[in-house]
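Trainee: I'd like to get to know this protein and the small molecule it holds. Can we go through it together?

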Amino acid sequence: MRLRNKVALITGGNSGIGLATARVFIDEGARVVITGRNPETLAAAEKALGAGVLALKVDVTDAAATEKAFAEAAGKVGKFDIVFANAGIGGATPLGETSPEQFNQIISTNLTAVFFTVQAALPHLHDSASVILNGSVHAVLGAPGWTAYAATKAAVRAMTRNMASELAPRGIRVNQVTPGGTKTPIWSPMAQTEDAMSALEARIGGMSPLGRMSEADEIAKAALYLASDDSANVTGIEITVDGGMTSAPSGAKIFRAA
Ligand code: NDP
């Protein structure tokens, strides 16, 4: 049990990577607080995760509500040892077709809210806590049509390093998981049928040397390392789980000679 007696807060814990991480953390002995907006998936996650979980409905883009919810959670379960700022949204913002509202929605959710999640959690963090931000390979990928999303994830990468230096005096570590394409509901708007999802999996998976998308559980296990005392002297880093897509792209099947 690598997280015995620890309390973890996971934003966006009712779906995808956040939900998989909640499960892994609970299996490793943690008490987990999950947040999200959708009451149905929050209730379903609470039921599926069982006794070790507290689910709270809060929109991460509402900084005041976030502060209130985190104070309430800490009052119920105690100070946090782990914060996983995971909540995020996808969405294309092609040049020539994007409104300021669409652009700002991605910025406010994936960038601004990550800062205010950490700020709201801070008074309730144990010294030597572990903060984990959720980045993306889009920070360095250069994919057409995804400028706002990529900019937020490049900003998260910068925030990981900034916050790591800023919170070090309290012994608080700040690290990042950096998923490549991972099979979660975030892709549903872009692949609404099973066939479309299979085609998307083949296309995204085919961009990496290991030839497949990641499973949510594989990101959760990287988060587990950063959350646990196994990484006690590790701060300011990112663990990339992308099958080699960003570090060794020439190994992808499409680039191989045979
Ligand atoms: P999901 O869509 O499965 O989960 C997203 C989670 O974020 C949901 O729990 C959702 O809750 C929550 N969320 C979104 N907006 C808000 C908000 N305003 N307030 C509160 N909660 C919110 O996607 P993933 O699990 O894939 O995404 C998790 C993180 O991983 C994101 O930051 C994403 O950018 C990142 N990531 C994902 C990759 C992938 O390929 N899947 C690749 C790289 C990074 P609710 O539904 O209740 O709003």
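Mentor: Sure! One term to start with: a helix here is a DSSP run of H or I that is at least four residues long, and helices are numbered from the N terminus. Also keep in mind that this is a predicted model.

Trainee: Which helix gives the largest share of the lining of the largest cavity?

Mentor: Look at the lining first: Thr11, Val60, Ala85, Asn86, Ala87, Thr109, Ala113, Val114 and Thr117. Now check the residue ranges: one helix runs over residues 100-121 and supplies four residues of that lining. That helix is α4.

Trainee: How many of the residues that line the largest cavity are charged?

Mentor: Sort that lining by type. Five of the residues are nonpolar and four are polar. The charged count is therefore no residues, given that only Asp, Glu, Lys and Arg count as charged.

Trainee: What volume does the largest cavity have?

Mentor: The structure holds one cavity of 30 Å³ or more. For the largest cavity, the volume comes out at about 40 Å³.

Trainee: Now the ligand. Where does the ligand sit?

Mentor: Start with the pocket that has a volume of about 1,200 Å³, the largest one. It is lined by 48 residues, and the closest to its centre are Gly88, Ile89, Gly90, Thr184 and Ile186. Elements giving two or more residues to this lining include α1, β2 (31-36) and α4. The ligand sits in that very place, the largest pocket.

Trainee: Which backbone lies 2.6 Å from an oxygen atom of the ligand?

Mentor: Let's go through the candidates. A polar backbone atom of Gly12 is 3.2 Å from a ligand oxygen, and for Thr182 the distance is 2.7 Å. The 2.6 Å distance belongs to a backbone N or O atom of Asn38.

Trainee: How much of the ligand's accessible area does the protein cover?

Mentor: On its own, the ligand has 880 Å² of accessible area. The share of this covered by the protein is 93%.

Trainee: Last one: how many residues of the shell around the ligand are polar?

Mentor: The shell has 30 residues, and Asn14, Ser15, Asn38, Tyr149 and Thr184 come nearest. Helices α1 (16-27) and α6 (147-167) each supply at least two of the shell residues. By type, ten are nonpolar and three are charged, while the polar ones number 17.

Note on methods: Residues numbered from 1 in each chain as written. Predicted model: local features only at pLDDT ≥ 70, side-chain atom pairs only at ≥ 80, totals over all residues. Heavy atoms only, no water. Near = heavy atom within 4 Å. Polar contact = N/O pair within 3.5 Å; in protein donor to acceptor, adjacent residues only side chain to side chain. Areas by Shrake-Rupley, 256 points an atom, 1.4 Å probe, with all protein chains shown as cover. 1 Å grid on protein atoms, 1.4 Å probe; cavity = no way out; pocket = protein on both sides within 12 Å on 5 of 7 lines; lining within 4 Å. Sits in = over half its atoms within 2 Å of the grid points. Points joined across faces, edges and corners; volume = space filled by probe spheres on them.
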